[in-house]
Amino acid sequence: MLEIHSLTKRFGPNTAVDNATFVVDRPMMIGVIGSSGAGKSTMLRMLNRLSDPTEGQILFEGKDVTALKGAAKREWHSRCAMIFQQFNLVPRLDVVSNVLHGTLNRRSTMATMFNLFPQEDIHKAIEILDRLGIAEHGPKRAEALSGGQQQRVAIARALMQDPSIILADEPIASLDPMNAQIVMEALRRIHEEDGRMVIANLHTLDTARRYCDRVIGMRHGRIVFDGTPEQLTTGIAREIYGAGADFSEAATSTEIETLDKSGSQSLEIA
Amino acid sequence: MTDATLGSASSVDTIQSAYMAQVQRRRLYGGITLLLFVALMVSGFNIADARNAGGFWDGIANIGAYPADVLSEAWEKRADLPALIVKYAPALMETINIAAVSTLIGTAGGIILSLLGTRGLARWPRLIPVFRRFSDIMRAVPEIVIALVLIFVLGGGPIPAVIAISIHTAGALAKMFSEVAENADLKPVEGLASTGATWAQRMWLGIIPQVAPNYLSYALLRFEINIRASAILGFVGAGGIGYELRNAMAWGPGRFDEAAAIFVLLFGTIVLFDQISSRYRNRLTEGANA
């Protein structure tokens, strides 16, 4: 379905992503882990084509995505929705309008300027918001919502695009544990109910273990681990993060339950 | 569970219809505003056209006639152009000098006015509104009005132009400078105050180094504007190339070659100074390497 062949991104003398290769044969939920600066965000941005790879190829359903230009590239953006750490909504517009931005690829600029979204799209946007439990905030300005609610609006915008792939760049890094759980569960549900592929950069190991079917570990731009959460042992995790023997998962955990089980090595696989 | 789903389904319906009503209201208001705007534009244009001496639609066909006359005559006498350009170069220098001197004086005045009119920096905080209104008035009065009055009093020449442009520049820059100074960090000023520095010393050492790149950039932009202003002031008798241009144009056919030469000089100068100053301003804002 999605094939990535020796994807490389260089910024001057620095190599952010170095020869990344992996194949995804069916829609699954993939967590990408690694320390900051490991190239996770750069890889995701290349998948969406927000930035162009220096070398390498991205194939989706046999089509070369890296070669797309202009309208075809914008169409790819719309099929490959992106969720950002800082939500990246338009703060002064209302929530429903922000969700409707998911349809911009199909709308003309003129219709956008006069805010002429069709009624069925508006209804669909509110239904998506309801699915994520925030329909009652629809008429409010996006900036009036809490971080967790804003991230769900961003997910709703992504769903409005009706994408094949949802890319999430550190979706829970700016959220408190409770909201982080709501957002991660929403992403998991989208994967399970709609069968969409979800690729999420995560900064905590236990989130990746708990929600993902497959984990990719990156270090210094290279993929150093690719397997199931079960295969991700503490030893491998230390290797991914370049950490010493004092590294413990509980120390970086954002989950509330970890407080109870900290010290033990029990792993919860949802 | 079924109850909950039913309940949420009906609430979604209410939210949907409420939001649709809101959207419809917004569209209605937007449509009315657009309609009003179009109606006002059309009626305004019709009134203006009716009051116009010649009428817009009758005159528009002749819009190319004057430039065509100038160009054809200039083309016939094209051999004289280099000589005419040399002849008018001193007048151009006068225009540029007027702009440069008035930019310098205006910038100095603008710095003083802006510092006196910025909250947190002002020497006399209670007088901030006074200095602000003073600079408002300075930039509200057009250069050409000040110049006309001064030419009446002092007689023609570059001095009235310098004074007129300086006053306008000081007022305009005071506003921009004051906005920059508002964002300046006050910690150095406090540090200097703790050493017993006077207000002028605190401003000179604490604020000016922080805001200098922005001030210089605005002053350069103002210099570009002032070259145009000083050329225009020539039309009312303030000397420089504008004066020559008016004379050449007023003579009508026969001296159009001179008008063309002056146009070439003026256009070239403005483009040149725009390019130099925009390049320099980019360097100031983006750093020397950019």
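# Exercises on a predicted two-chain model

Among the elements of chain B, mean pLDDT is lowest in helix α2 (residues 56-59) of chain B, at 75, and highest in helix α5 (residues 128-140) of chain B, at 94. The model is predicted.

## Exercise 1. Confidence

Establish what pLDDT chain B averages, and where in chain B the pLDDT is below 50.

**Solution.**
Step 1. Take the chain as a whole. Chain B averages a pLDDT of 86. Of its residues, 94% score at least 70.
Step 2. Find the weak stretch. The pLDDT is below 50 over residues 1-7 of chain B. Beyond near neighbours in sequence, this stretch makes 0 contacts in the model.
Step 3. Turn to the complex. The predictor gives an ipTM of 0.70 and a pTM of 0.69.

## Exercise 2. The contact between the chains

Count the residues that each chain brings to the contact, then sort the side of chain B by class.

**Solution.**
Step 1. Count. Chain A gives 12 residues and chain B gives 9 residues.
Step 2. Sort. The side of chain B that touches chain A has 5 nonpolar and 4 polar residues. No charged residue is found on that side.

## Exercise 3. The sheet of chain A

Work out the strand order of the sheet in chain A and identify the edge strands.

**Solution.**
Step 1. Order the strands. The 4 strands form an open sheet, β2-β1-β4-β5 (chain A), with antiparallel pairing.
Step 2. Find the edges. These are β2 (14-24) and β5 (63-64) of chain A, each pairing on one side only.
Step 3. Follow the inner pair. β1(A) and β4(A) run antiparallel and are joined by 5 bridges. Here E3(A) stands opposite L59(A) in β4(A).
Step 4. Move on to the edge. Strand β4 (residues 55-60) of chain A pairs with β5(A) over 2 bridges, in the antiparallel sense. L59(A) has D64(A) in β5(A) as its bridge partner. F60(A) stands opposite K63(A) in β5(A).
Step 5. Inspect the turn. β4(A) and β5(A) form a hairpin with 2 residues between them. In the turn, E61(A) has a positive phi of about 50°.
Step 6. Add the helix. Helix α1 (residues 40-48) of chain A lies across β1 (2-11), β2 and β4 of chain A. α1(A) runs at about 60° to β2(A).

## Exercise 4. α5 and α7 of chain B

Describe how α5(B) and helix α7 (residues 158-182) of chain B pack.

**Solution.**
Step 1. Give the geometry. The axes are 7 Å apart, and the angle is about 130°.
Step 2. Classify. Angles over 145 degrees would count as roughly antiparallel. At about 130°, α5(B) is therefore oblique to α7(B).
Step 3. State the hand. The crossing of α5(B) and α7(B) is left-handed.
Step 4. Name residues. S135(B), M138(B) and R139(B) come from α5(B). They meet residues of α7(B), among them I167(B), H168(B) and K175(B).
Step 5. Sort by class. The contact of α5(B) with α7(B) has 5 nonpolar, 3 polar and 2 charged residues.

## Exercise 5. α6 and α9 of chain B

Describe the crossing of helix α6 (residues 143-154) of chain B and helix α9 (residues 199-234) of chain B.

**Solution.**
Step 1. Give the geometry. The axes come within 10 Å and cross at roughly 40°.
Step 2. Classify. α6(B) and α9(B) are therefore oblique to each other. Their crossing is right-handed.
Step 3. Name residues. E143(B), I144(B) and A147(B) in α6(B) meet A229(B), I232(B) and L233(B) in α9(B).
Step 4. Sort by class. The contact of α6(B) with α9(B) has 5 nonpolar residues, no polar residues and 1 charged residue.

Terms used. Residues numbered from 1 in each chain as written. Chains lettered and ligands numbered in written order. Predicted model: local features only at pLDDT ≥ 70, side-chain atom pairs only at ≥ 80, totals over all residues. pLDDT = per-residue confidence, 0-100. Contact = placed C-beta atoms within 7 Å. Nonpolar A, V, L, I, M, F, W, Y, C, P; charged D, E, K, R; others polar. Axes fitted to C-alpha atoms, helices over the stretch in contact; angles between N-to-C directions. Parallel < 35°, antiparallel > 145°, perpendicular 65-115°, else oblique. Left-handed = near helix turned anticlockwise from the far one by under 90°. Pairing = 2+ DSSP bridges.
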